[in-house]
Amino acid sequence: MADTFRAAVVTSFDAPLDVKDVELPTPGPFEALVKVKYSGVCHTDLHAAEGDWPVKPSPPFIPGHEGVGEVVAVGDAVTRVSVGDTVGNAWLWSACGECEFCEDGWETLCLQQKNGGYAVDGSFGQYMLVDSRYCPVLPEGVDLAGAAPILCAGVTVYKGLKQTDTKPGDWVLISGIGGLGHIAVQYAVAMGRRVVAVDVDDAKLELAKKHGAEVAINAATATDAVGEIQAATGGGVHGALVTAVNGKAFPQAVSSLRRGGTVSLVGLPPEQFPLDIFSVVLNGWTVRGSIVGTRRDMDEAIGFFARGQINPTYAVEPLDNINDIFSRMHAGKIDGRIVMDMS
Ligand code: NAD
Ligand code: ZN
Ligand code: ZN
């Protein structure tokens, strides 16, 4: 093994990523060194590289939290994985395991958690470290390029859908049919929900229909999107999942709810939106945030994929394309996910 590897590094929030050689890290006691085969590119990586959010990462850092690859070395205390296993990284790179949230099955709320590709170097490179106690473990024989988007997009929308408190037969609105949203349509269908898809691009809406959406609405061209959703669903959706990277999508999703409905906010545009107190109170709506998923959610989300119920739409590109991939993501020009090949 060479002592350096190629990675895409954020050196400043205003500059393109620098694809260069960096030093190979040594795994700590509970860590594993992974030779990355593929990494999905999540819009969160773009937010990270641009320093969009109030809590910023510190350059230089390597983004990426949808990496899959093979364990090539392990630290002294590692028992959960072995050399040769196929594992991934995730946004929830590790948590403390001891706080009230961790004890309660809410490790995604742990204040000591570390985030992959943000506080800890991620998967936009030929090698990465994972915490062996938290890393997703992939079953044998799955398509690794297709599995990559499950590790963030998949688990996030699967958990977010659970958090809508809907049941089979209920209508759910998926707003934003990008990397997350096109997979959300598939989990929703697999979970027996009926899907209304909303985006601002007709090609994304076609993708949603291909994956099983019954109703598709273009929010940019519809004269009354909320009215159309209410008419198509007989009074509004029972649940909504907002993955759109645009503040306008959020109040629209809230207004599309049926009485008693719940919206899970998942997309993270750096904006605010007005919440009408009277409507929320009188309609008994629940508005909640949903952040990735626990290790249990991850295993469940991977299970749906491994059984063939989820088929991400993706294109494979080389690591060197990262700045171009980010430009296309900015412009909303990606169908499904881009997965980078690290070989
Ligand atoms: P993406 O760029 O692949 O997709 C965004 C989609 O939103 C595009 O299809 C775009 O056309 C659509 N869109 C834009 N404006 C819209 C509007 N007004 N109405 C409806 N749709 C609109 O991004 P992604 O990788 O799917 O990520 C989506 C968001 O989710 C990002 O902000 C990301 O940071 C966030 N995210 C959150 C979590 C979490 O745990 N909460 C996890 C992963 C990603
Ligand atoms: Zn992500
Ligand atoms: Zn904790």
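Which residues coordinate the zinc ion (ligand 3)? In this predicted model, four cysteines do the job: Cys-96, Cys-99, Cys-102 and Cys-110, each through its SG atom, at 2.3 to 2.4 Å. Along the chain these donors are spaced as C-x2-C-x2-C-x7-C. Look at the geometry and you'll find that the four donor atoms subtend angles of 106 to 117° around the ion, so the arrangement is tetrahedral. For reference, the ideal angle for four tetrahedral donors is 109.5 degrees. As for solvent, Cys-102 and Cys-110 are both buried.

Now move to the zinc ion (ligand 2). Here the donors are Cys-42 (SG), His-65 (NE2) and Cys-152 (SG), at 2.0 to 2.3 Å, and their spacing along the chain reads C-x22-H-x86-C. Cys-42 and Cys-152 bring together distant parts of the chain, 110 residues apart. Cys-42 sits in the loop between strand 3 (31–40) and helix 1 (43–50), while Cys-152 sits in the loop between helix 3 (144–147) and helix 4 (153–162). With the cut-off for buried set at under 20% relative accessible area, Cys-42 counts as buried because its relative accessibility is 3%, and Cys-152 counts as buried because its value is 5%.

Away from the metals, turn to the nonpolar packing. The largest core has 85 residues, and those with the most contacts inside it are Phe-124, Ile-174, Tyr-187, Ile-322 and Phe-326. Helix 5 (residues 179–190) supplies the largest share of this core, six residues. Domain 1 (4–152 + 293–341) and domain 2 (154–289) both contribute residues, so this core lies between them. There's also a second, separate core of 21 residues, with Val-196, Ala-249, Phe-250 and Leu-257 among them.

Conventions
Residues are numbered from 1 along each chain as its sequence is written. Chains are lettered from A and ligands numbered from 1 in the order in which they are written. This is a predicted model: local features need pLDDT of at least 70, side-chain atom pairs count only at pLDDT 80 or more; totals for chains, interfaces and linings use all residues. Side-chain values use heavy atoms; hydrogens and water are left out. A nonpolar core is a set of buried Ala, Val, Leu, Ile, Met, Phe, Trp, Tyr and Cys residues joined through side-chain atoms within 4.5 Å. Buried means under 20% relative accessible area, exposed over 50%, partly exposed in between (1.4 Å probe, protein chains only). Helices (H or I, at least four residues) and strands (E, at least two) are DSSP runs, numbered from the N terminus. Domain bounds come from an automatic or database domain assignment. Donors are N, O and S atoms within 2.8 Å of the metal (3.2 Å for Na, K and Ca); water is not among the atoms, so sites may look incomplete. Four donors count as tetrahedral if all angles lie between 85 and 135 degrees; four count as square planar and six as octahedral if opposite donors are over 155 degrees apart and all others between 65 and 115; anything else is irregular.
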